[in-house]
Amino acid sequence: MKKSSDTSMTGEAIADFGDEPMTGTSDGALARAAGVTAWRQIADAIEADVMNGRLTPGSQLPTEARLAERFAVNRHTVRRAIAALAAKGLLRATQGRGTFVEAKPLAYPIGRRTRFTEIVSREGHEAGGELMSATETVADEETARRLRLMPGAPVLRTEVRRFIDGTPVSYGTSFFPLPRFAGVTAVLRETGSITRALAACGVTDYMRAETRITARLATGDDAARLDLSPGRILFVVDALNVDGTGTPVQAAHVVFAADRVELVVENG
């Protein structure tokens with residue numbers, strides 16, 4: 001098959017070709033006609049492959065060059081089709097890794113004992129965590145209220161991103177009272193696990209005292225952290241965890257990619 005023409009066409013010509021009206025697909029070939037653009041036909045064909053199981057959740061798409069050859073178009077046209085499907089939540093384009101079919105959302109129960117690693121492992125997936133930052137600061141009025149501290153009391157502020165099978169699903173900011181949880185940073189840096197970090201500071205078990213769930217659209221910063229398109233829906237979870245005596249140990253503000261997890265609120 002003849003190679004895509006993006007190596008010999010100008011940027012303007014590529015853009016014009018990508019927007020040229022087309023209709024119909026047959027074994028990867030696009031037919032010229034009025035009404036449907038080439039990129040839309042490609043998007044429809046890829047979506048059909050996902051819907052009928054030829055492309056399974058979590059699988060990687062062929063490269064842009066391979067797709068351009070399949071549809072006899074240039075990479076600009078393929079890129080626009082992929083961007084449309086990513087905005088729709090069907091695909092995930094990751095810089096340096098490629099484009100993947102979004103996996104089915106993981107059921108994520110929220111109850112008295114919510115443990116990320118346990119939940120993900122129980123469903124047969126690999127859990128991961130990454131400490132993005134850790135800073136000693138002072139509690140503002142809202143943080144102090146949640147942790148039952150005096151405003152201005154010392155706290156540890158951390159930012160952690162969580163993964164399922166290498167795909168980012170959430171990132172969050174947590175506050176821990178100091179000096180009780182001064183050892184949290186080292187454990188989070190090594191393991192990315194809140195549970196292990198609290199255990200290292202003497203809290204071997206903890207419970208969820210409060211959970212508030214809202215939703216919003218992803219900003220550019222959210223998109224960069226979660227490998228998704230701006231404008232996608234996010235779940236925002238504000239949580240308070242306490243130890244066995246009911247003393248607050250962690251106040252968290254966590255942002256989830258809504259199409260990668262299904263929040264399940266458990267009774268009791």
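# A cavity and helix α7 in a predicted model

The structure holds one cavity of 30 Å³ or more. This is a predicted model in which local features need pLDDT of at least 70 and side-chain atom pairs count only at pLDDT 80 or more, while totals for chains, interfaces and linings use all residues. Residues are numbered from 1 along each chain as its sequence is written, and side-chain values use heavy atoms, without hydrogens and water.

Q: What is the average pLDDT of the protein?
A: pLDDT is the predictor's confidence in each residue, from 0 to 100. It is at least 70 for 87% of the residues, but stays under 50 over residues 1–27. Where pLDDT is low, the predicted coordinates should not be read in detail. The protein average is 84.

Q: Which buried residues does helix α7 have?
A: Buried means under 20% relative accessible area, and exposed over 50%, with partly exposed in between (1.4 Å probe, protein chains only). Helix α7, a DSSP run (H or I, at least four residues, numbered from the N terminus), spans residues 184–191. Its buried residues are Val-184, Thr-185, Val-187 and Leu-188.

Q: Why do the buried residues lie on the same side of α7?
A: An α-helix has 3.6 residues a turn, so residues three or four places apart point the same way. The arc is taken from the directions from the helix axis to the C-beta atoms. The buried residues share a side because they cover an arc of only 170°.

Q: Which exposed residues does the face of α7 turned away from its buried side carry?
A: The buried residues of α7 pack against other elements, including α8 (194–200). The face turned away from them carries the exposed residues Ala-186, Arg-189 and Glu-190.

Definitions and conventions
Contact means heavy atoms within 4.5 Å. Helices (H or I, at least four residues) and strands (E, at least two) are DSSP runs, numbered from the N terminus. On a 1 Å grid over the protein atoms alone, a cavity is a set of points where a 1.4 Å probe fits but cannot get out, and a pocket is an open set with protein on both sides within 12 Å along at least five of seven lines; lining residues have an atom within 4 Å of a point. Grid points are joined across faces, edges and corners, and a volume is the space filled by probe spheres set on the points.
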